[in-house]
Amino acid sequence: MTTKEKILREIQRIAKRVYTELGPGHEEAIYRDAMSLELQEKGYAVKTEAPVSIKYNTSKGKSMIVGSGKIDLYVSKRDSYAVIELKTTGRLLKEDGNKTKEEKKEYIQLQKYLKALDQDCGVLINFPFPGEDEPEVII
């Protein structure tokens, strides 16, 4: 198992624990803060609401910052990094059975953040409401 796979698996376990403990119906910030606490207890360095610059390359080759976003959780452990985007909505993939994860705006947002940071390890976690047995984790 690769380091990336280990990190993603651990993040998935932590998300399940947070959702089991808190249950459905909270604001995203509550799940974010609980995830941050659990990740730190597992030895991760965590940045919440980490800024990310969005760049645009002009037709003349200039690279310009045209905006910014905020990553819910940017975590690192032993030179490995992961971007975690959180949502609190109905099921992302089951609600619209015709769309794949690549067609969902939430997943596309995660991919844009990964590109802006030149990272390849990211996960989208949805703490669904109404409640489900566990969070929806999209890797």
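Glu 21 and Arg 17 sit four residues apart in helix H1, so about one helical turn separates them. Helices here are DSSP runs of H or I with at least four residues, strands are runs of E with at least two, and both are numbered from the N terminus. An α-helix has 3.6 residues a turn, so residues three or four places apart point the same way. The two side chains form a salt bridge, with their closest N and O atoms 3.7 Å apart; the term asks for a side-chain nitrogen of Lys or Arg within 4 Å of a carboxyl oxygen of Asp or Glu. Before going on, keep in mind that this is a predicted model, where local features need pLDDT of at least 70, side-chain atom pairs count only at pLDDT 80 or more, and totals for chains, interfaces and linings use all residues. Residues are numbered from 1 along each chain as its sequence is written, and side-chain values use heavy atoms, with hydrogens and water left out.

How open is this spot? Glu 21 is exposed, with a relative accessible area of 57%, while Arg 17 counts as partly exposed at 44%. For these labels, buried is under 20% relative accessible area, exposed is over 50%, and partly exposed is in between, using a 1.4 Å probe and protein chains only. Arg 17 has another partner as well: a salt bridge to Glu 38, with the closest N and O atoms 3.4 Å apart. That pair links distant parts of the chain, since Arg 17 is in helix H1 and Glu 38 in helix H2, 21 residues apart. Glu 38 is buried, at 17% relative accessible area.

Stay on H2 and you find one more pair. Arg 32 and Glu 49 meet through their side chains in a salt bridge of 3.0 Å, N to O. Arg 32 lies in helix H2 and Glu 49 in strand S1, so this bridge ties together parts that are 17 residues apart in sequence. Arg 32 is buried, with a relative accessible area of 15%, and Glu 49 is partly exposed at 29%. Going back to the earlier trio, salt bridges with shared partners join Arg 17, Glu 21 and Glu 38 into one network. The structure holds seven salt bridges.

Now for H2 itself. At 1.5 Å a residue, its 14 residues (28-41) should span 20 Å, and the end C-alpha atoms are indeed 20 Å apart; the expected span is 1.5 Å times one less than the number of residues. Arg 32 and Glu 38 have company among the buried residues of this helix: Tyr 31, Ala 34, Met 35, Ser 36 and Leu 39 are buried too. The buried residues of H2 pack against helix H1 (3-22) and strands S1 (45-57), S2 (63-77), S3 (80-87) and S4 (122-126), where contact means heavy atoms within 4.5 Å. After H2 comes Gly 43, with a positive phi near 95°.

Strand S3 is where Ser 80 is found. Ser 80 is buried, at 16% relative accessible area. Leaving aside residues up to four places away in sequence, Ser 80 touches Thr 3, Ile 7 and Val 75.

Further along, helix H3 (residues 105-117) has 13 residues and reaches 18 Å from its first C-alpha to its last, close to the 18 Å expected. Which of its residues are buried? They are Glu 106, Tyr 107, Leu 110, Tyr 113 and Leu 114. Seen down the axis of H3, they fall within an arc of 120°, so they line one face of the helix; the arc is that of the directions from the helix axis to the C-beta atoms. On the other side of H3, Lys 105, Lys 112 and Lys 115 are exposed. The buried residues of H3 pack against S1, S2, S3, S4 and strand S5 (136-138). Just after H3, Asp 118 has a positive phi of about 55°.

Stepping back, the protein has three helices and five strands, running α-α-β-β-β-α-β-β from the N terminus on. Its radius of gyration is 16 Å, close to the 14 Å that the globule rule gives for 139 residues, so the protein is as compact as a globular protein of that length. That radius is taken over C-alpha atoms, and the rule is 2.2 Å times the number of residues to the power 0.38. Of the 139 residues, 39% count as buried.
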